[in-house]
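Hi,

Here is the structure I promised to send over. Have a look at it first, then read on for what I found in it.

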Amino acid sequence: MQAKTLYEKLFESHIVREEDGTYLIYIDRHLVHEVTSPQAFEGLRINHRSVWRSKSILAVPDHNVPTTDRSLGISDPISKIQVETLDENCKHFGLTQFPMNDSRQGIVHVIGPEQGSTLPGMTIVCGDSHTSTHGAFGALAMGIGTSEVEHVLATQCLILKKFKTMEVRVEGKLNKGITAKDIALALIGKIGTAGGTGYAIEFTGECIRSLSMEGRMTLCNMAIEAGARAGMVAVDDVTISYVENRPFSPKGEALEKAKAYWKTLHSDKDAKFDKVVMLNGSEILPQVTWGTSPEMVVSIEGMTPDPKNENDPSKRKSIEDALTYMGLEPNLPINQIKIDKIFIGSCTNSRIEDLREAANVIKGKKIAQNIKLALAVPGSGLVKLQAEKEGLDQIFIAAGFEWREPGCSMCLAMNADRLNPGERCASTSNRNFEGRQGQGGRTHLVSPSMAAAAGIYGHFVDIRSLS
Amino acid sequence: MNPFITHTGIVAPLDRANVDTDAIIPKQFLKSIKKTGFGPHLFDEWRYLDHGEPGMDLTQRKKNPEFVLNQTPYEKASILIARENFGCGSSREHAPWAIEDYGFRAILAPSFADIFFSNCFKNGLLPIVLSNETIDLLFKSIYANKGYTVTIDLENQFIVLPSNEKISFQVDAFRKHCLMHGLDDIGLTMQHSESIKAFEQDYYQKNSWLL
């Protein structure tokens, strides 16, 4: 038999039909949130169509929800309508939803895995680009547009072309303080934000195997920032022990049967990828973005670039524009950049391990005087509960952080959590685009421990230099 | 969906790489539960000097005179040209909705982000990939000739320049067919519902833990 990549195994096991290289692919899990679904449900109603397999759907409001006192409801009337529209649609079509006040509510990409709704071998879609997160489980997971959300609701299928395959092999051991976030940013720095366009990425190598599921989710989450619609990691014991005993995961005999299949979900030894990118984990330093695209990234030992050194006029202009927007001079050492706000959260870095890492840095310390606001926003109600059980909330609060309710929050500032014009943020989120965290806001993407350390010192510091 | 057969229009030069969907339509406008009405807020943060919120009186807003779509004759443009990786970032289909609602029918760039590219075709919008050199030449021609107008012929897959020179482009046959006929692909897939049911029967027998 021909050796296959993990992507090929996942893709081929879901082909309903094929015509001239256009495939109809069956979808196992459809995650739904309030922002990208209303028009899809409206489309179903207008055309008198029903939901093909309501059991495949898990819905949750996350983008618009307030992270402050939920008993007060949503003050923004337009956000409120959007969340209520999701409630109504789920009721009307008979879908499982964790509404805003459910203890299991959270960011869709945190709760899917947490509930065992995300399983190895599945095809998983959501009207959200960070759906790539779920590929960490040896699943084919990708973000889709609202027309495709409607298509999957109505037919349980997605029309797809085959992606090319890219192996990102990370060997070596990470140094102390270096996380999956640093691997993701280092990769994007190397291949660029369009480096993975048209590809499905599989992360392989010793370094990836040693990551926890949380770390693997962070890495696959950022695959889209490298341009790849899907990122994935092969199934191993770490995957299986995470998946077991979750509310929606199979139990007993069904679990044993599933496990036997899940263990086949890896690329065969002689499988060929269209492209291979190598990284050495032991050489990765703490990463900090300086510009307005995730590829504008350097290590904490670096400095902002000098446009004078760039010969390509289009690239030179991009650097000049980014430095102007970010309010930074060329050749400025990264560790001299002062910060106004700290955001620890988002589908990239709001899981329990992320909160533990950050808490570990700030324990017994206080945020610097120049920090106007430091937010810790757990990824789900259950992550929040777990953190509180471990006393992490008290560590954050004692250090001067605000301990909030779960949601997307200041990653994209659709709710009230945002940067004001000119404010600079050390953020554990995934996008540093202009205006992403609030119009005129300036975002630097970092790992949770680097964000926490920037909070304590008021500027970026090398996490490795802290004891 | 509006069928796309041929289209003639002014080309507006947006001389930027990595134009992300947050820039195309900022997050505060995603709260709408409708598909229409996003055009006035296309590129909101670049187009206006004040901060935009849904429901604002647009006549009271101050436009940024330096932004290309606020300059004559580009406010009437219906084709957009930009640099690499257009439409990167969020999967929001509000981005192509806003571009289409503004009045654009096609976008020319050396590369597009995958999700955005696919979203365009669902909304009667044609994204055309051209080589870096061709895009560069087009930018130069546009800067040298204000109101530079081209005709896009989807059926024959070429762009006719004012000089009558033709530039050919590639487009996937299935997407071309749907775009030219304004087809709803859900209807097309529904024609295969028996195949989907047959797949399910076999699939759930093999993967019974998913039931």
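H6(A) passes H8(A) in a right-handed crossing. One thing to keep in mind as you read: this is a predicted model. The axes of these two helices, H6(A) and H8(A), come within 8 Å and cross at roughly 20°. An angle under 35 degrees counts as roughly parallel, so that is the word for how H6(A) lies relative to H8(A).

Which residues make the contact? On the H6(A) side they are Ala180(A), Lys181(A), Ile183(A) and Ala184(A), and on the H8(A) side Gly215(A), Arg216(A), Thr218(A) and Leu219(A). Sorted by class, the contact of H6(A) with H8(A) has four nonpolar, two polar and two charged residues.

Stay with H6(A) for a moment. This helix covers residues 180-191 of chain A, which is twelve residues. From its first C-alpha to its last, H6(A) reaches 17 Å, close to the 16 Å you would expect at 1.5 Å a residue. Is H6(A) buried or exposed? Ten of its twelve residues are buried, so H6(A) is largely enclosed by the rest of the structure. If you want to click through the buried ones, they are Ala180(A), Lys181(A), Asp182(A), Ile183(A), Ala184(A), Leu185(A), Ala186(A), Leu187(A), Ile188(A) and Ile191(A). Note that Lys181(A) and Asp182(A) are on that list, and Lys181(A) also takes part in the contact with H8(A).

What covers those buried residues? The cover includes helix H8 (213-221) of chain A, along with strands E9 (164-171), E12 (275-280), E13 (287-289), E14 (297-299) and E19 (442-445) of chain A. Right after H6(A) comes Gly192(A), which has a positive phi, near 85°.

Now for two more helix pairs in chain A. The first is H2(A) with H5(A). Their axes are 8 Å apart and the helices pack at an angle of about 50°, so H2(A) and H5(A) are oblique to each other. H2(A) passes H5(A) in a right-handed crossing. From H2(A), Gln39(A), Ala40(A), Gly43(A) and Leu44(A) meet Thr146(A), Val149(A), Glu150(A), Leu153(A) and Ala154(A) from H5(A). The class count for the contact of H2(A) with H5(A) is five nonpolar, three polar and one charged.

The second pair is helix H12 (residues 352-362) and helix H14 (residues 392-399) of chain A, which pack at about 45° with their axes 9 Å apart. H12(A) and H14(A) are therefore oblique to each other. Here the crossing is left-handed, with H12(A) passing H14(A). Leu355(A), Arg356(A), Ala359(A) and Ile362(A) of H12(A) meet Leu392(A), Ile395(A), Phe396(A) and Ala399(A) of H14(A). By class, the contact of H12(A) with H14(A) has seven nonpolar residues, no polar ones and one charged.

On to where the two chains meet. How many residues of each chain are in contact? There are 55 residues of chain A in contact with 45 residues of chain B. Several elements of chain A each supply at least two residues to the side that touches chain B: strands E1 (15-19), E2 (22-26) and E8 (157-160), and helices H2 (38-46), H3 (77-93), H5 (146-155), H10 (252-262) and H11 (313-326). H5(A) gives the most, with six residues. You have already met H2(A) and H5(A) as a packed pair, and both also feed into the side of chain A that touches chain B. The residues on that side of chain A divide into 20 nonpolar, 25 polar and ten charged.

Last, chain B itself. Chain B has eight helices and seven strands, and its C-alpha trace spans about 65 × 45 × 25 Å along its principal axes. Of the 211 residues in chain B, 42% are buried. Take the contacts in chain B between residues at least 6 apart in sequence: 66% of them join residues at least 24 apart.

One helix to look up in chain B is H3 (residues 94-102). Seven of its nine residues are buried, so H3(B) is largely enclosed by the rest of the structure. Those residues are His94(B), Ala95(B), Pro96(B), Trp97(B), Ala98(B), Ile99(B) and Glu100(B). They pack against helices H1 (21-24) and H4 (114-121) of chain B. After H3(B) comes Gly103(B), with a positive phi, near 125°.

Cheers

Note on methods:
Residues are numbered from 1 along each chain as its sequence is written. Chains are lettered from A and ligands numbered from 1 in the order in which they are written. This is a predicted model: local features need pLDDT of at least 70, side-chain atom pairs count only at pLDDT 80 or more; totals for chains, interfaces and linings use all residues. Two residues are in contact if their C-beta atoms, placed from the backbone, lie within 7 Å. Helices (H or I, at least four residues) and strands (E, at least two) are DSSP runs, numbered from the N terminus. Ala, Val, Leu, Ile, Met, Phe, Trp, Tyr, Cys and Pro count as nonpolar, Asp, Glu, Lys and Arg as charged, and the others, Gly among them, as polar. Axes are lines fitted to C-alpha atoms, for helices over the stretch in contact, and angles run from 0 to 180 degrees between N-to-C directions. Angles under 35 degrees count as roughly parallel, over 145 as roughly antiparallel, 65 to 115 as roughly perpendicular and the rest as oblique. A crossing is left-handed if the near helix is turned anticlockwise from the far one by less than a right angle, and right-handed if clockwise. The expected span of a helix is 1.5 Å times one less than its number of residues. A residue is buried if 20 or more other C-beta atoms lie within 10 Å of its own, exposed if 12 or fewer, and partly exposed in between; C-beta atoms are placed from the backbone.
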